[in-house]
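Open the model in your viewer and keep the selection box ready. This tour goes stop by stop.

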Amino acid sequence: MDPFHYWGKADPRLPDSHNWHPLPYHSLDVAAMARTYLQAHPRLLRLFADRMHLAPDLTLDWLCFWHALHDLGKFATTFQNLRPDLLNRLQQRSATLAYTVRHDTLGDFLWKDSLLVRQDALGLGDERSLWRRAFAPWVAAVTGHHGQPPQARTIHRDQHFKLADEVAAADYIRQVRQLLLPDDRLARVLALGPEALEDTGRELSWWLAGLAVLSDWLGSNTAHFTYHAEPMPMSGYWTRAQTIAQTALERSGLQPCPSASPHSLAELFDWPRAGTDVLQPTPLQAWAERVEMLEGPQLYLLEDVTGAGKTEAALVLAHRLMSVGQADGVFMGLPTMATTNAMYRRIQQISPRLFKPGSRPSLTLAHGQRDLVEAYTTSILAGGVVEADGLEEADTASARCAAWLADSNKKSLLAQVGVGTIDQALLAVLHAKHQSLRLLGLFRKVLIVDEVHACDPYMQRLLECLLEFHAAAGGSAILLSATLPRHMRQALVRAYERGLGLKAVPLQAADYPLATRAGSTIPLEVHVDTRPSVRRRVEIDYLDDCAAVDAEIRAALQAGRCVCWIRNTVREAIDAWRRFSSELTSDRLSLFHARFTLGDRLRIEEEILEGFGPDSTADQRRGRLVIGTQVIEQSLDVCFDLLIGDLAPIDRLVQRAGRLQRHRRDAKGDRIDGPDQRGGARMIVYGPRWTENPDATWHSAFSRGSSFVYANTGQIWLSARLLQRGAFCMPEDARDLIEGVFGEAAQDDIPAGLRAISDQQEGRDWADTNHAHSRQLKRAQGYSCGDFGDWWSDDFGPSVEALDEWSAGAETRLGEPSCTLRFARWEGANLQPAHSQTYHAWEASSLRLPARMVGELVLSTADRAAVERTCLELPDKGKWSMLVPLIPDTHGWVFQSKDSAGRKTRWRYSSTAGLTVD
């Protein structure tokens, strides 16, 4: 059978003579895209060439050949019969075989079972069986172009293929191999030997798979690669495809941008600027400007107090790495959506200066709800007409490309500059669909991770895996923290060194602030000073009486000061807000927690940044109270005159203290250039009564919710013990504070009454670490399902707040199962989004809640019919969310749910209090 009688793309909406595209031509389209992309990204090509010990031009031919085989599974009769009309027209036959196995898996099977050995498609003769294992990782990487490896399953050949299909596929391989990889060039690759080719194939398969996904999407864009059913020599079509691929790449926005020449820190950040009190580099920033750049990939860990300019120092390092040719872009990963939004605004002005004048670098914001951020407008990949492949239409390349276009999170790592939650990068090392595309996007990026200390044991293990993969591809990384325990710093460095293939070298320094550099040489550990303006003593008042805390707040407000109380749970935050809501007007009292709809949450976030950020005035700040949860404590550039924090681990309290008198102001609250005039910094910590000999209920009896959020009661007690000193000085006490709670020696000081609880939590931490290890990808295994089975889809991974990102099975964070609620209001007999005036109305009207709290909605038969009808309009068709009709009353909006036992709960939602139990 002639391979040109097999269709690769088809669209019944087009005229009969133009509604299909031959499979060999589509395969060459994708190979041309891969070739063009690699030529435009020579350092990616160099990665493959160096690992294979081949010349770049030969490596390019080798990779193009494999991309030309990505759709071998479409030679299957079962796939061709998805369009019976075309099967009959092109091959004059009909078929009854059912399409039960997807063509990516069929292609991998066909190569291994038939084409290499039985059909001898490569002409290897008697030696062809020796090469089966050697070629396995290469074929798996390109056939697995649907975002996951081919499935490991038993396949019966005669249920999917006719002998004519195998012959046609083998004939196609012989033709395309002679075109792309002639005999002499194939022989030079095979001279590496089967074992070396298999090893390098496994090692490189992760990035090869990402390239195959991207090339297939671009090569399936019918805006460029129009159908061409007329016969022509394969060599002529190959020339045509390469010309089209060049245009497609130029219009995709995926070409690299040249890096800028070295800038000074002042030039990079445009200092001095009006209203800026930072005119001189901080010691950490000055170190970042002068530290010697290593040859090759390198890791930096920057530990300094809040306000010491760690972000600017990281960007200086990233800029220097780019300017000397060690990187081509940046991805910044942050712990929460709120911190990501704030960082995006900062990076918008700086990112163009990382590249040569006149270039147009792309900048993306990556988290579950980035479309709701007004500052975010970007597009990388232009779309095309979606083809229709019959029964496989839902998973055609163009349909997947359309999903890609709608989900910037997938393409965010391919932009020259990306800002997102760290989860977007962690998905690259989980069994999540399109993880290979994320790895490809991270290639040649400086990976900057802020607030590293916020990682729990599960996330830390995933971050270590990510650093190992990133280092293996020659990537550099910068990690930032104000409170990083020494054991965690050592583990992160060791993971990076594993990726480089280096022997681990123990870190020695215990100084603080500290800059650490690791790479091809012995780690460099340098003590740096702290900027005088952020050196300070924080007075601590430890209170165990809520009435006393309320009195302190009232006194501060009466004195015209602004106050923030960071509570450990949403319920406790709402309780405190209710107590003060009868005393303060709405313009003087704000509540900020995770159980607001995203539209309201972003509005409140903007209000808090405006009222307490760097540019806030004395009039805006005077006599105002903010009550919130952990969403405030990390990376938000806000400043309060008095701060109250519920007792939490010491690193969290240090972070919260970073929002206390953060900006230098006069006694009234206006920004000034000189010393702060508001008096000494004072923080109140509200916790259980202090005792040297607590019992097991010491923390839980005081606050059951806090003891659930921070379950290691022993470390909570150690934190409370340190606070009994009455003050701490930064940076002098920083290392002692962290090691005094998280250090190995400190665990021996936990009282006997709390030992059992702490041991239980330590066991859970070990279990979480092991769980992460079982979930993460194994680099040495290569891009294959192995024993894992199917990978999880990340197409509709909903956002959560306390655990900010979730991905339908591929968890980047551990937490109890949760549910997305999408609130709707009645307009006559129809349901409309609660935030109907917003661009992404359904997303703006959503929030997440633990699934156990929601249960089942209580609805009438008529209401349920309306809900089911409206679900079809939701972004996820109701697959990952629950549509909740709200009923208005005098204090907001209400609805009812019931649990499995039939117990009902009445809920209330308002734009000022969020979601509460009525």
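Start at Gln 508. Gln 508 is exposed, at 58% relative accessible area (buried is under 20%, exposed over 50%, partly exposed in between, with a 1.4 Å probe and protein chains only). This is a predicted model, where local features need pLDDT of at least 70, side-chain atom pairs count only at pLDDT 80 or more, and totals for chains, interfaces and linings use all residues. Residues are numbered from 1 along each chain as its sequence is written, and side-chain values use heavy atoms, leaving out hydrogens and water.

Zoom out a little. Gln 508 sits in the loop between helix H21 (486-500) and strand E9 (514-518). Helices (H or I, at least four residues) and strands (E, at least two) are DSSP runs, numbered from the N terminus.

Now show the surroundings of Gln 508. Leaving aside residues up to four places away in sequence, Gln 508 touches Arg 486 and Glu 525; contact means heavy atoms within 4.5 Å. Select Gln 490 as well: 18 residues separate Gln 490 from Gln 508 along the chain, and their C-alpha atoms are 9.5 Å apart.

Next, the sheet. Select its seven strands, in the order E13-E14-E12-E15-E16-E11-E17; the sheet is open, with mixed pairing. Two strands pair if DSSP finds at least two bridges between them. At the edges are strand E13 (589-592) and strand E17 (727-730), each pairing on one side only. The twist averages 20° from one strand to the next. Angles run from 0 to 180 degrees between N-to-C directions, and axes are lines fitted to C-alpha atoms, for helices over the stretch in contact.

Stay at E13. Four bridges join E13 to strand E14 (residues 625-628), and the two run parallel. Pick out Leu 589: its bridge partner in E14 is Leu 625.

Add helix H22 (residues 546-558), which packs on the sheet. Among the strands H22 touches are E11 (536-543) and E12 (563-566), and its direction makes about 155° with that of E12. Then add helix H23 (residues 570-581), also packed on the sheet. H23 touches E12, E13, E14 and E15, at about 165° to the direction of E13.

Last stop: helices H26 (residues 650-657) and H29 (residues 734-742). They pack at about 150°, with axes 9 Å apart. That makes H26 roughly antiparallel to H29 (under 35 degrees is roughly parallel, over 145 roughly antiparallel, 65 to 115 roughly perpendicular, the rest oblique). Show Ile 650, Asp 651 and Val 654 of H26, then Leu 737, Ile 738, Val 741 and Phe 742 of H29; they make the contact.
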